[in-house]
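User: I should be grateful for a close look at one part of this structure, namely its main pocket and the elements around it. Please explain it in connected prose that a first-year student can follow.

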Amino acid sequence: MKKISVLKWVPPFARGSVKEFRVRWALEEAGLPYEEEVLTPEDQNAASYRVRQPFGQVPAYEDGEISMFESGAIVLRIAEKSEALMPRDEQGRARTMQWAFAAVTSIQQAVDDVTALDFFYLQEEWAKQRRPGAEEFLTRRLGQLAGCLEGREWLEDRFTAGDLLMVTVLRDLRHRDFVSKVPVLDAYVKRAETRPAFGRALAAHMALYADAAKAEAAE
């Protein structure tokens with residue numbers, strides 16, 4: 001049985017973006033059952049957990065053969081075991097891996113620069129000065145990605161782990177209109193969100209916070 005660590009609570013803006021979600025989605029696409037290890041902040045800081053995840057983050061992952069951390073690496077581990085996420089030919093494998101790394105480096109860095117300003121440093125004077133440059137760079141990166149997707153359903157000739165990771169990165173911008181105002185990217189994300197595996201993964205992820213959401217709504 002596969003096992004992933006998840007967080008018992010996160011603030012509302014983070015729900016749907018916690019990195020364990022992308023691992024859930026990969027497992028659902030691969031048709032692999034899994035169980036959750038639900039962590040409190042105390043659990044995250046425990047020495048026994050830091051041995052498995054030295055930064056105290058989620059997810060940590062175990063599959064009976066290995067224990068590892070970093071969601072992008074975990075998704076590729078799952079993809080290597082499932083043709084649903086990675087073709088078996090060498091060219092297909094290589095191109096899946098290149099898009100997976102493009103998602104978590106070339107695109108995610110630009111996304112994270114802007115989302116950090118939005119959620120953590122909104123009132124800081126330095127952040128106000130940094131914002132125009134960060135947003136311009138993000139817009140340029142998204143334009144480059146849109147060019148790769150023009151006339152295509154997926155980044156390659158079929159859905160792969162590269163698309164899964166790319167879509168989870170782009171969804172981190174759903175509080176803004178960076179993606180929605182680029183028709184190619186907007187359609188790409190929406191297409192991925194209609195996949196049954198995505199729906200199952202998101203429902204399981206959001207179920208963790210259902211009680212908290214009800215309490216917040218009642219306040």
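Analyst: In this predicted model, the lining of the largest pocket divides into 13 nonpolar, 10 polar and 7 charged residues. Together, 30 residues line the largest pocket, and its volume is about 910 Å³. Ser17, Val18, Lys19, Gln108 and Asp172 are the lining residues that lie nearest its centre.

Which helix gives the most to this lining? The answer is α5, with 6 residues. Helix α5 covers residues 90–119, and α4, which covers residues 71–80, also supplies at least two residues of the lining.

Helix α4 deserves a closer look through one of its residues, Ser71. Is Ser71 buried or exposed? Its relative accessible area is 5%; residues under 20% count as buried, and Ser71 is therefore classed as buried. Leaving aside residues up to four places away in sequence, Ser71 touches Lys19, Arg22, Val23 and Pro59. Of these contacts, Lys19 has already been named as one of the residues nearest the centre of the largest pocket.

Another contact of Ser71, Pro59, lies in the loop between α3 (47–52) and β3. The peptide bond that joins Val58 and Pro59 is cis, with omega about 5°.

The residue Glu70 has its place in the loop between β4 (67–69) and α4. Phi of Glu70 is near 80°, which is a positive value in a residue other than glycine. With a relative accessible area of 41%, Glu70 is partly exposed, whereas Ser71 is buried.

The structure also holds 1 cavity of 30 Å³ or more. The largest cavity has a volume of about 50 Å³. Which residues line the largest cavity? They are Gly16, Ser17, Val18, Lys19, Phe21, Arg22, Thr168, Arg171 and Asp172. By class, this lining has 2 nonpolar, 3 polar and 4 charged residues. Several names recur here: Ser17, Val18, Lys19 and Asp172 line the largest cavity, and they are also among the residues nearest the centre of the largest pocket.

Leu202, in helix α9 (residues 196–207), touches Gly16, Phe21 and Arg171, again not counting residues up to four places away in sequence. Gly16, Phe21 and Arg171 are among the residues that line the largest cavity. Leu202 and Val58 are 144 residues apart along the chain, and their C-alpha atoms are separated by 16 Å.

The strands complete the picture. Strand β1 (residues 2–7) is largely enclosed by the rest of the structure, because 5 of its 6 residues are buried. Strand β1 pairs with strand β2 (residues 34–39) in the parallel sense over 6 bridges, and Leu7 stands opposite Leu39 in β2. Between these two strands, the chain passes through helix α1 (residues 20–30), and this β-α-β crossover is right-handed. Strand β1 is also joined by 2 bridges to strand β3 (residues 60–62), and these two strands run antiparallel. Here Ile4 stands opposite Tyr61 in β3. Strand β3 has been met before, since the loop that holds Pro59 lies between α3 and β3.

Terms used. Residues numbered from 1 in each chain as written. Predicted model: local features only at pLDDT ≥ 70, side-chain atom pairs only at ≥ 80, totals over all residues. Heavy atoms only, no water. 1 Å grid on protein atoms, 1.4 Å probe; cavity = no way out; pocket = protein on both sides within 12 Å on 5 of 7 lines; lining within 4 Å. Points joined across faces, edges and corners; volume = space filled by probe spheres on them. Helix = DSSP H or I, 4+ residues; strand = E, 2+ residues; numbered from the N terminus. Nonpolar A, V, L, I, M, F, W, Y, C, P; charged D, E, K, R; others polar. Buried < 20%, exposed > 50% of the residue type's maximum accessible area, 1.4 Å probe, protein only. Pairing = 2+ DSSP bridges. Right-handed = clockwise from strand over helix to strand, strands pointing away. Contact = heavy atoms within 4.5 Å.
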